[in-house]
Amino acid sequence: MYIAGRILSSLLVIAGTLVLVFAILYVLPGDPTDSMIDPSVATAEQIANLKHQLGVDQPFYIQFIRYISDMARGDFGNSLLNSEPVLDKILEHFPATLALTAASALVSVTIGLVLGVLSAVHRNGPIDYLARLVGLFGISMPTFWSGILLIVLFSLQLGWFPAMGSDGWRTLVLPALTLGIVGAGFIVRMVRSSMLDIIDEHFMLTLRSKGLSERAVMYKHALRNALIPAVTMIGMLIGEMLAGTVVIETVFSRQGIGRIIGDALMAKDLPVVQGVIFFTALIYVLVNLLVDLSYSLIDPRVRRSA
Amino acid sequence: MNTFKSKRKSLHSSAALLLVLALVLSACASNKGSGNNGQQAQQQSTDTPAASTEVKQGGELTYALATSPDTLDPHRSGLAVAVRVIRTIYDSLVVQLPDNSIKPWLATSWEISDDGLSYTFKLRQDVKFQDGTPFNAEAVKYNFDRILDPATKAANAAALLAPYKSSEVIDEYTVKLNLATPSRAFLGNLSQALLGIVSPTAAKKYGDQFGLNPVGTGPFKFVKWEQNAEIQVAKNPDYKWAPELVTNAGAPYLDGITFKIVPEEATRIGSVQSGQVLAAETVPPQNIVALKSDSKVQLLGANTVGLPYTLFFNQEHEPWNDAKARQAVQLAVDVDSIVKTLYLGTYDRAWSPLTPGTFGYDASLENGVKPDLEKAGALLDELGWVKGSDGIREKAGKKLTIHYVDGTPNREKRNDIAVIIQQQLKALGIAVEVEITKDVRTVVYTNGDYDLYGNSQVNSDPNALYSFYHTTAPNAPKSLTRLSNPEIDKLLEQGRVETDDTKRADIYKQIQHYIIDQAVILPIYVFPYTVAADKSVQGLVFDSLGYPLFNGVSLSS
Amino acid sequence: MREAATARTLPYKRSGGRLTAIRFKRLAASNLFLFAAALVILFIAACAVVPSWIAPYSPTEMLTDSIMQPPSAAHLFGTDYFGRDIFSVVVYGSRDSLFIGFASVLVGGLAGGAIGALSGYAGGWIDAVLMRFNDILMTIPGILLALAIAGALGKSLFNIVLAVAIASIPGYARIMRSQIMSIKGRTFIQASQAAGASPFHIFWKHVLPNSLSPLLVMATIGIGTSILTGSGLSFLGLGVLKEVPDWGTLLSQGRGYLTVAWWICTFPGLAITMFVLAVNMIGDRLRDQLDPKKSTR
Amino acid sequence: MEALLNIRELSVGFRTKNGLLEAITNISFSIQPGETVCLVGESGSGKTVTSKAIMRLIDYEKGSITRGSILLQGRDIAALPEAELRQLRGKRVAMVFQEPMAAFDPVFTIGQQIVETIMQHERVSRRVAWDRGIQLLSRVGIPEAAIRMKQYPGELSGGMLQRAMIAMALSCSPDLLIADEPTTALDVTIQAQILQLLQELQQELGMSILLITHDLGIAAEMADRIVVMYAGRIVEQGAAEDLFARPRHPYTRGLLQSIPPLDSVRGERLYAIQGSIPSLAALPGGCLFHPRCEYATERCRAEAPPLVEQSGSGVACWHAEQVAAEPAVRSKSAALRVEESAAHDEQSEAALSGTDSEILFSADHLRKYYPVKRKSFTAPRTFIRAVDDVSFSIRRNETFGLVGESGSGKSTLGRVLLQMEQATSGKVLFQGKELTGLNGAQLRPLRKDMQVIFQDPYGSLNPRWTIGDSIAEPLKVHGAWTADERRHRVEELLGLVGLDTASASKYPHEFSGGQRQRIGIARAIALNPSFILADEAVSALDVSVQAQIINLLQELQQKLGLTYLFIAHGLQIVRHISDRIGVMYLGKLVEIAPSDELFRQPAHPYTKLLIESIPQPVPGQRGTASIQGEIPSPANPPSGCRFHPRCPFATERCRKEQPELRPLGEDRYAACHYTLL
């Protein structure tokens, strides 16, 4: 019941997203022919012909109905720019983005957890301040800048990792680090604050009264409890990371849907934009659904009420 | 070996000529007094004679591109970056040499009818497409008709092909192209990669998807394309019909080329230095300067031809319909300073509406305009524009402003030109509002909402000027300049059809003079296509439009 | 039960020297950071308000003879490729950067706050509709939304602000809604209802004033986030070209010079980072301060 | 015999922003093996800090022992290093906390947490530990112990959790069990069960118990010895019998007197200690209790009395002998007194509420169901039946008390009556006017006649408003009062509830709990309503303050002619203030009766058992946990009589047939097939 409802409302959200994006793109000035044909060379007639061929001269509702009916048939359409089937395009780019997102999430969670826990355990001590400062730095730097700095240092100067490409784990290191640091900043904050909440809980007293060591109290009990709110972050984080790929994939010359959607948005390649939005929305919704479900796995309180 | 006949005066092909072009960059750099160009030129010349030393075969060139090609279907592409790859896969009927002469390629010879309306090409008989399809008259006809077919969604190729009307297959290897109107630019356009010949079999087979599965007759054949990451092409071992432009007439030395797409400048250039790629294109000026001292890296390049980066006045807008006002701006803008500051002496200043390599370029215009703020001020004073309290000139309560539009963000520092001109014109008392927009179509072409608009065009023929300076038909979209001068119109029309090169050159010189004298435009710079390459990369040359040719590239150890 | 809170203060001599010393050090450490953050913000705010008092050069003055000079006594941050004094450009650039930060938070916070408040207070179908809409906005990654909006409306400072603001709406709406809902359940709301107050009165006088703190904290931190999003837009080519560009544009345009003249992009980058860092610190502290549970942290 | 625990001159301080705060000062007491000692006092007295100090748990709350020693079997806990301390905790000394829900880690199963404790202290296999856990759970009366072991804390009721907590505390057979308000968060019926369990376990295991409680009834029931704390100091200690029979400290005596006995004369003022525990940032000089003390003299103001101690009994008062000489607070058992006072009560009953009194409020077949989220589309729609077919009426000028365990629906009933929630069905009539059909706007003007006093006085005040504004809010909302008039009225109201007029410009956090409840009352009476719903209005207050508020409410009722619906779970209080009482069980009214009759002779078995669960502040009179089991879920009430699973008298008929509320003579109703009358 709960899951069915969630899926239903998720579908609604995705559909709404598509309509919204379609509408935004429709009101965007210009069309794909802008980047396909040079107006200083081509004649107006040639441009009009091209537009007609692409169908971008049609009114909104016709374009939309056409799009929706194609979608309904499982046809995501073809790129207006080069006629590549959108589905192929997405499937080609998706693994790289998935790898990047997963690797970044891993970096975020690892760094975030370690720093967050350290910070909470050593509350108000030097370690706390250091950990928070590091976390804050992560969320205070523009990613494209920190990415370039990492490239210059670790790739161009030291030659440890490649500066570009999306094949092999070595190409993942720098971009995942860049993007992961941002997420780590959020997680540090979250873990610290939820750890501190937990530390104030009554049951901490019980645990200590049982004679448990501080290590067990903190890392077995407090951390386990603090992880629960942190898990919600992951859904949000995945969203942030998908968004982050727009910039990061460009900086690191990676394949990925962030790359194509940026280009497609600029070029107004509507089917591609729609397809990618559909996919990211699907991922986002799925991840959040998973997070909700995994919630009930890790938090017995939710399991009961769900 | 191919033999060819041409009615046109043909020049001897020579490696030396190619060299000149390939080293334009070095040359222009040495103009500004950089010291180490000689070394480079030397190095190039040692590479070139293929005969003298054994050219190393094999190896794979990694070549970093700045952006991702849109499609590898030449007839549909709209991006220069795509042409760099397209050129490796497809050949054209003819080739244009740096001296602007047209030479055989897939066509061995051609005849032009006296009325200039039909071109009859004799084709090579030993050419096969990479998919085995034989190259013949049918294929040529198919190609050009394909471009005309709206279903192809041809873009710039359609514009280049104009005024093409139809083809007739005379025999297996003879094809006649019919034009609607005569055009001196037509042959030149045929040499462009966008009018490259695609395999009819593959084009029919893949239809819409041909751009992802390209097949041509070129020296390299398509292997794979990972979008936004890399494009691989492999040596076409059967290739033996290279044009005169390259020294290696046979199959390329390289096993293949991997084009990497690396948009971030610092990474692209840095990865050559750190050995992650062997070559990278569009080197920014600041890196050119720095790379010159890098012993592992060489700089190669060629100036592009056609229209330089030019600022077009919109003569429909007051007061820029007045030559004096425009001249005032011309005198106030210190282009030398712009070029020196922004491009650090690595780009040439443009003086004419055409770039130096273009047919008919008038070198006498060079150094003709010198900044003179005083005179500029006097001109404006004369027109009644006087400085107000804020330093901005006004007349009848109206401020003197320039709406400056540029449509190419982040390219070749064009935005920065705007910033500098803004400052320079402020000194004259003109307020410059800069608008950088992606939507050039609406802002510039539809609404005409600009006083100054910056653009450039790579073109093989001076006829390019026609669409910028010829009076437009009453209901047709207006030209960028809105210039309407019967004399210029007449000259432009003559230039289109004049068959005598000397006369034709003269016609274009008159046009250029008029345009500069009347300050119709402000030419700014000539774009050099620049490549940073590892020193092991040898034999890279460029065609007359500045596109790299890999036929003769080899990798020394 | 926290009995400690109600216990009395001992005479100072009994409190023990060691304890006091530790406490003092900790206080000093936390306040030092806060003080530094406040100083950074104050200084940057001063830059935005009276740049001419701080900047030694005009930000548009191009010393074409000394382009790309490394930092020196004459040019604290060096000069850029126009020959402008980078320090002065950064000082003047704070204006637009702060404008992007503050204005987009104002717009996004107000709009998101209003949506969240309406949604949370009205409940029912209004809530359902607004929250689905919010979900939709949330599903589209913020930067894409901003990209589309900035693309749609054209490049201007105001449009950047609008783009960043709209992209930030769902976050504000969510937090406002949950806060409104939690306040709505508080006893003093029932007390007011029982007194016969109208829903409007209750909302305006009780619910809203008590719901603003989390929004305030989020908005504070949002100032930093907005500046970062804005700079991301610059990177993607949607920056605004002005005589005196904002930091994001400066950084984005200067990054090509990183290996040649590191100072051109480093200082605008540092300006962004320091400001965002400071704003985050203040925001974190504000969060702790406004959260009664956490006031002792 | 050597004391198990000997606390000597212990002082505990906490580090705060304003320096070190001393929470307990110089306390000494001891616990003998097998003895139960009760630590008694109001909130802020330092009793919890004392209990935590014994295990050095204050270390984690920025606290430290500043002076004195805690000798456990001769070893000084105050000086032990952390590692050795941990060996004591859970092994030698174990602790049970106030809120069982919050005391377990919610993300580990009960079993995991018990096993963890065992394995921390004993080298046994997990399997052995698990089996012992099952035994322990069974021992503390948890059915299906093996299953419970695998459940998470959230899956058990509060009562069950507290049992599990006790099981966990006992898992390593401690010598001393510290129980900090172990039953405060529980219903009186469950409280009785838990207390009984503790007594049984103590006898069985021979351990000592330190029981911390604010409830003197519990202390009387459980304690061998009692230690009374006030503001961080011990004011009196002694054997339970002695202390209850002859309290020597005015505070102890006051506390005893504040408890409304089951035989008090209704309408009579309760004894109340004036004022409240001092805002302890600034304690008074001399004897800390002197500002509230009837016996205070100049000497008390000037000089703090020492705790004069001999053989485990002592008092810190200059006037101890004078206090001890006062007549006993309670000399006979309460039950006896009820019988005796019956005659007197009946007289006053007739005088107070004639049957012809005008009906102010009436409920007619009132129902309030909350839908439960369905687990699947096909699952049947289920409801929590919070109020299920309730009909009764409240007469003008009377106080109608509503009692029942938590989950009985008493608060919901109150809220539905006042239309703060919409009834699912049924009618509510107020002054003859039907409220149930009215919309929000139509109701609003009527609200000035019916007001509410809430349980949580702090929560019911907008923290951002001055209390003057809060009190004036009803005036502002309802009518044409000028700002000046409002100010005057607020001052008048503050006077009425016994607060300084200067309080108007202060904020809620500047007041004590009792004062805040006075503010709540002032707001409720601002518009001269005819009816006030007091929903657990005194439940959150300390005993001494509770009495003050009850007195105030009664006073105001007389002055203003108010009608009260008084909802509470504290039965003594309800009895004291109410004319008639309704008893609720699982959404149903099971009995309505005049309050004395209800207590003297309950008609419904539930009522009877409920009354018997109340701990009496008379030592030696051990209560019996007469109601077994716990209140079932209102989503799925038992068939027939809802009480039947817990009813000792239940028959087949009770299981099948639902008894209706039926009259049992004048003004008495009960819903039982076999009434006890």
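**Note on contacts and sheets in a predicted model**

1. In this structure, 20 residues of chain A are in contact with 28 residues of chain D, and the reader should keep in mind from the start that the model is a predicted one. On the side of chain A that touches chain D, at least two residues each come from α9 (203–209), α10 and α13 (300–305) of chain A. The element that gives the most to this side is α9(A), with six residues. Sorted by class, the residues of chain A that touch chain D are six nonpolar, seven polar and seven charged.

2. Chain A also meets chain B, in a contact that takes 43 residues from chain A and 42 residues from chain B. On the side of chain A that touches chain B, at least two residues each are supplied by α2 (33–36), α3 (44–54), α5 (86–121), α7 (143–157), α10 (214–251) and α11 (257–267) of chain A. Here it is α3(A) that gives the most, with six residues, while the division by class on this side of chain A is 20 nonpolar, 17 polar and six charged residues. A student comparing the two contacts may notice that α10 of chain A is listed for the side that touches chain D and is listed again for the side that touches chain B.

3. As for chain A itself, what kinds of element does it hold, helices or strands? The chain has 13 helices and zero strands, and its C-alpha trace spans about 85 × 55 × 30 Å along its principal axes. Of its 306 residues, 56% count as buried. When one takes the contacts in chain A between residues at least 6 apart in sequence, 74% of them join residues at least 24 apart.

4. Chain B contains an open sheet of seven strands, whose order is β8-β9-β10-β1-β11-β22-β12 and whose pairing is mixed. Which strands stand at the edges of this sheet, and why is one side of each left without a neighbour? The edge strands are β8 (220–226) and β12 (297–303) of chain B, and because each has a single partner strand, one side of each has no neighbour in the sheet. From one strand to the next, the twist averages 20°.

5. Within this sheet, strand β11 (residues 279–281) of chain B is joined by three bridges to strand β22 (residues 528–534) of chain B, and the two run antiparallel. One can follow the pairing down to single residues, since E281(B) has V531(B) as its bridge partner in β22(B). Helix α9 (residues 265–273) of chain B packs on the sheet, where it touches β1, β11, β12 and β22 of chain B, and its direction makes about 155° with that of β11(B). Helix α4 (residues 80–89) of chain B, for its part, lies across β1 (60–65), β8, β9 (230–235) and β10 (256–261) of chain B, and runs at about 140° to β8(B).

6. Chain D has an open sheet of four strands in the order β14-β13-β16-β17, with antiparallel pairing. Its edges are formed by β14 (382–395) and β17 (433–434) of chain D, each of which has a single partner strand, so that one side of each is left without a neighbour in the sheet. Strand β16 (residues 425–430) of chain D is joined to β17(D) by two bridges, and these strands run antiparallel. At the level of residues, F430(D) stands opposite K433(D) in β17(D).

How values were computed: Residues numbered from 1 in each chain as written. Chains lettered and ligands numbered in written order. Predicted model: local features only at pLDDT ≥ 70, side-chain atom pairs only at ≥ 80, totals over all residues. Contact = placed C-beta atoms within 7 Å. Nonpolar A, V, L, I, M, F, W, Y, C, P; charged D, E, K, R; others polar. Pairing = 2+ DSSP bridges. Axes fitted to C-alpha atoms, helices over the stretch in contact; angles between N-to-C directions. Buried ≥ 20, exposed ≤ 12 C-beta atoms within 10 Å, placed from the backbone.
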